[in-house]
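Open the model in your viewer and keep the selection tool at hand. The stops below go from strands to sheets to helices.

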Amino acid sequence: MANKVPAFLLEKHSPARPPGGRGKMRIPFIERGIHNLASVVKTGYVQWETSSADRFFQATDARVKVLFLLFYVVIVSLKRDLLPEVLIGVFVFVLVLASRLNVFNFYKRVLFFAFLFGFLVTLPAAFNVVTGGEVIFPLYHFSAPFNFWIYPIPAEIGITREGLYSVAMVTSRMANSLALSFFVLLTTPFPEIIRALKVLRVPDALLMVIALAYKYIFVFAKTVEDMHLAKKSRLAGGISDEGARRWIAGRIAVIFRKSRLRSEEAYKAMLARGFSGDVRIHGERKLLGRDWATGIAFLAAGLLFLWI
Amino acid sequence: MEEIIRLEELSYSYYGKIPAVSGISLAVGEGARFAVIGANGTGKSTLLQIMDGLIHQSEGKYFFRGNEVSEKALEERDFLRFFRERVGYVFQDSDIQLFCPTVLDELLYGPLQIGVGDKEAMERAAEVMRVLKIENLKDRPPYMLSGGEKKRVAIGSVLSMNPEVLLLDEPTNGLDPRTQCFLVELMLALSEAGKTLVIATHDLSLVDELHADVALLSEEHRLEKTGPCEDILGDEDLLLRVNLIHEHVHHHGEAAHKHRHSHYPFHRH
């Protein structure tokens, strides 16, 4: 074998480090985004799986927590004023503190999604073109009102009091619903949530989809991160935005193919262990005194918010 | 033997929760055959990924040819090029490593990245295919290859960059005996050609065949011992303690007896 080693492999590198001076690497946004997203998913997953059970709310039965979540999301959707929304927000904040979750990380996620799916989506409603009413921030003035296609455009374009209020309402509802969901998710190990949903008569097919999707998210994030590392190990220079996009498009195809093969294998593994379409769970425990007490306290607080 | 890799009190944990390696200090000489061994989950792969600058230690320092390797250092273009040209990594899972449309593209990817010209890159790819006996796979997509073929292509994709250090993560895992034998011969040939080999494995027969210097990791993710392979592999109490060999009971006719078992035959003459 020794004499078969190609000649180029016998060439020696200079041991000295080059003087430098070509500056720093620029990592394309899309590359950084993928790596960070995979990392966030994996970290979140591990934190979720290992969520401690010895603190307030973590120790409460998952059925109570799931009912609490559903009840409060309904309350958040029913309220028509900002005050109760703010009070519910404060209530969740107190629960987050009492459960000793990382407040900064918690609200970073909540506010990011609330901004994206609440504020940005409803922002056009703040303008008098969409929501009529008293203009409090005039932005542009036309010489006269006119019609654009089927829309009447007023002479003065601006933000209305009613529009601003509706944006604030939707954003606060979104923030509260997200805060409640993240709060329950981060204080309840995933298998407990599935168990609670089963007890609450959620169909088995839906539970299977949720459980498998949840497991696959981690596998998927790990695959993406490993592929990123594999490329990084052979990348000695910068990569253009276009190159990064092309690589990612290629990887999507590979991951799709891998996912399909993996899903077939996972299903075969389930069949091999006797799966016949029913989700069977073990160790259904009785509600303890503290679970009842917590449930009643949340019910009372919920009724109070409904009344306000 | 000049030192090429040095780790000082290196630690790393996943998600800030799960320790992977803890306070590891070791040095690898230029041209050495070096094996990091330990039971599953002791941190071998993590240590190799740190050595390739793919992940970065949470504590401690890593030096390559006397230059500190850190996230910040690898952001500098010249140092990144210097480092990637010289250190190659073969992943345990070849499926992860192979991401190009065809085998030929895989072999060309690395050389083109480090600035080798098209003509020379093609020559390198052809030479590597010849040595690894994969010329017939040239136009095949990697996912249509067998496990052994994928491993050859994965090694080829790194060899075509002509690194001076090869980091190999469980190189013989899951391969048939003939491919394993081929890989051992290849590693010995590369070592003879002056390459530094660092292998993460729990395959003790591979360590024995390569006659490598050994760093033994404990299940507490610490460095248990370093030394020549005959010292480490000959110390059965040590191997038993770190879970690389075990005691088992078996029968000879009617009589049952218990002895230590390592799943590898030492090569003896």
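Start in chain B and select strand β1 (residues 3–14) together with strand β4 (residues 59–64): the two run antiparallel and are joined by five bridges. Show Arg6(B) as sticks, then look across to β4(B), where Phe63(B) stands opposite. This is a predicted model.

Next, widen the selection to the sheet around this pair. It is an open sheet of four strands in chain B, ordered β2-β1-β4-β5, and the pairing is antiparallel. Its edge strands are β2 (18–29) and β5 (67–68) of chain B, each of which pairs on one side only.

Stay in chain B for the other sheet. Select β6, β7, β8, β3, β9 and β10 of chain B: these six strands form an open sheet in the order β6-β7-β8-β3-β9-β10, with mixed pairing. Which strands stand at its edges? They are β6 (87–90) and β10 (223–228) of chain B; each has a single partner strand, so one side of each is left without a neighbour in the sheet. On average, and ignoring direction, neighbouring strands of this sheet are turned by 15 degrees against each other.

Within this sheet, pick out strand β7 (residues 165–169) and strand β8 (residues 196–201) of chain B, which run parallel and are joined by five bridges. Val165(B) has Thr196(B) in β8(B) as its bridge partner.

Now add helix α6 (residues 147–159) of chain B. This helix lies across β6 and β7 of chain B and runs at about 170 degrees to β6(B).

Before leaving, show chain B whole. The chain holds 10 helices and 12 strands, and 45% of its 269 residues count as buried. Of the contacts in chain B with a separation of 6 or more, 65% are between residues 24 or more positions apart.

Move to chain A and select helix α3 (residues 82–98) and helix α5 (residues 161–186). They pack at an angle of about 25 degrees, with axes 10 Å apart. That angle makes α3(A) roughly parallel to α5(A), because angles under 35 degrees count as such. The crossing of α3(A) past α5(A) is left-handed.

Finally, show the side chains where the two helices meet. On α3(A) the contact residues include Leu82(A), Ile88(A), Gly89(A) and Val92(A), and on α5(A) they include Ala168(A), Met169(A), Arg173(A) and Phe183(A). What is the make-up of this contact of α3(A) with α5(A) in nonpolar, polar and charged residues? Its residues divide into 11 nonpolar, three polar and two charged.

Key:
Residues numbered from 1 in each chain as written. Chains lettered and ligands numbered in written order. Predicted model: local features only at pLDDT ≥ 70, side-chain atom pairs only at ≥ 80, totals over all residues. Axes fitted to C-alpha atoms, helices over the stretch in contact; angles between N-to-C directions. Parallel < 35°, antiparallel > 145°, perpendicular 65-115°, else oblique. Left-handed = near helix turned anticlockwise from the far one by under 90°. Contact = placed C-beta atoms within 7 Å. Nonpolar A, V, L, I, M, F, W, Y, C, P; charged D, E, K, R; others polar. Pairing = 2+ DSSP bridges. Buried ≥ 20, exposed ≤ 12 C-beta atoms within 10 Å, placed from the backbone.
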